[in-house]
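Please look through the structure below before reading on. The report that follows takes up an aromatic pair, a serine in a loop and a pocket.

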Amino acid sequence: MDKFTNSAWFMRIVAFALAALLFISINFEMESDKKSLGLSTAPEISTETIENVPVEVYYDRENLVVSGVPETVDVTLKGAKSLLINAKNQRDFKVYVDLSDPAISMGDRTVTFKISDLNEKLVATIDPEYAEVNVQERVTKEFSVEAEYNSSLLDEGYTAGQPTVSPKTVKITGAKDAIEQISYVKANLEISKGLNETVNGKATVKALDRDLNKLDVTIEPSTVSVSLKVSIPSKTVSIAPKQTGKAKDGIRITSMSVDPKEVTLFGSETDLEKIDVVNLPVNISKIDGDTELELDLDKPESVQKMSLGKAKVRIRTEKVDVDEENAEPVVEEKKPETEQKQEEQVVKEEEKEDEPAAIESKTFNNIQIVPVGIQDDQNAELESDVTSITLLGEADDLKKITKDDINLTVDVSNLDEGTHDVDLAVTVPEGVEWELDSKTISVTITQKDEET
């Protein structure tokens, strides 16, 4: 035994064992130190989902329209946690669909989402993985715009003319099949309930199919100016003083006149047709002699408003004896019935000849205004192309007049570019007079676009 322990091989074996123990001890300590310092050689693997990542679409935007691609997708990344945190914060990668191939065919197709600029040590999963898209030829076409509004929001009795639009046409761009589906191009003017005055505003243009579904197209311009002229029908009628009460003893009313003699009523045409006179009650029970009173006019229930609320009444009187006033009437000898009727007819005709003809009024609505003298290189746009006119004359003459007998024109021959207030020229049958709410109209002159 002593001989073996003192041999060279024994010493070699002991030295090798000590070296192996020392190596294992040193490596164990180094691994412990690395772990305590966060320097582990095996990285920590994690996953992170990034939501609402924008999707870019590459295609020929001048000639094609692509639909069906979602605006955003969710991306799940897998890899080292430090890399995930950086990718989530920076978002320096891109998700895209590539339809840039010039030979791409039209119609429906399935495309997968791709990702770029992502750290190669990360693995990405996109949700959804693909999209059903439609590729169509890009078409631009010009359409006329029709303005509309909710007529039920007008104040009672008021009417509105045809709304005017500026510009009258828009250019609509979209997929060919969408352009072919366009049945209506409308601009809805928003108005408030109880509207009783002309309104000018902006309205958004919408392209609709025949079922009034909104189409996904681009409209230029997207808004237009809309003008809606709101008015109320009117009619001028006479004011008739009516005696109420009983005159005092010794006082006799000899005449009663009113000033002004007429009042203009405003309301619906149907209601105005039923009114020919406005009665003004005059209580004569307190009249002592000639006097002048200012009395309130009672507005008929069906009328929205009147041009005036009061009228003056001039009353002329005479004093009489009470005995004379209460005396029994003298009975004249009765003439034969035939002779009496003849005399009465003669008296009536004489009285009729002495009385001046009653002047009445008649209002015509939506009379067309025609611009004349437009130069070849100009456009003329009227603030409103219709208006109302009231004619004054004898009843028999007014009954014969129709809209065709009335001509309203505006001379634009000497107008420069811009907006002008121009007098209206009125032509009506002889023997009648006319009244307009406004004797002028706003006219905008613009230069025509040169044809290319």
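Is Y96 buried or exposed? Y96 is buried, with a relative accessible area of 17%, where buried means under 20% relative accessible area, exposed means over 50% and partly exposed lies in between, computed with a 1.4 Å probe on protein chains only.

This is a predicted model, in which local features need pLDDT of at least 70 and side-chain atom pairs count only at pLDDT 80 or more, while totals for chains, interfaces and linings use all residues. Residues are numbered from 1 along each chain as its sequence is written, and side-chain values use heavy atoms, with hydrogens and water left out.

The protein has eight helices and 32 strands, which are DSSP runs numbered from the N terminus (helices are H or I with at least four residues, strands are E with at least two). Of its 452 residues, 31% count as buried.

**The aromatic pair**

A search of the whole structure finds one aromatic pair. Its members are Y58 and Y96, whose ring centres are 5.4 Å apart and whose planes make an angle of 35 degrees, a tilted arrangement. Rings of Phe, Tyr and Trp (its six-membered ring) pair if their centres lie within 6.5 Å, and planes under 30 degrees apart count as stacked, over 60 as edge-to-face and the rest as tilted. The pair links distant parts of the chain, since Y58 is in strand β1 (residues 45-58) and Y96 is in strand β4 (residues 94-98), 38 residues apart.

The table sets out the burial of three residues discussed here.

| Residue | Relative accessible area | Class |
|---|---|---|
| Y58 | 32% | partly exposed |
| Y96 | 17% | buried |
| S384 | 6% | buried |

**The loop serine**

S384 is placed in the loop between β26 (378-382) and β27 (386-394). The side chain of S384 reaches the backbone oxygen of V386 at 3.1 Å. Leaving aside neighbours within four places in sequence, S384 is in contact (heavy atoms within 4.5 Å) with K229, I369 and I441.

**The pocket lining**

β26, the strand before that loop, is one of the elements that each supply at least two residues of the lining of the largest pocket, and β32 (440-447) is another. By class, this lining has seven nonpolar, 13 polar and seven charged residues, where Ala, Val, Leu, Ile, Met, Phe, Trp, Tyr, Cys and Pro count as nonpolar, Asp, Glu, Lys and Arg as charged, and the others, Gly among them, as polar. Here a pocket is an open set of points on a 1 Å grid over the protein atoms alone, where a 1.4 Å probe fits, with protein on both sides within 12 Å along at least five of seven lines, and lining residues have an atom within 4 Å of a point.

Technical notes. A polar contact is a pair of N or O atoms within 3.5 Å; within protein, one must be able to donate a hydrogen and the other to accept it, and residues adjacent in sequence count only if both atoms are side-chain atoms.
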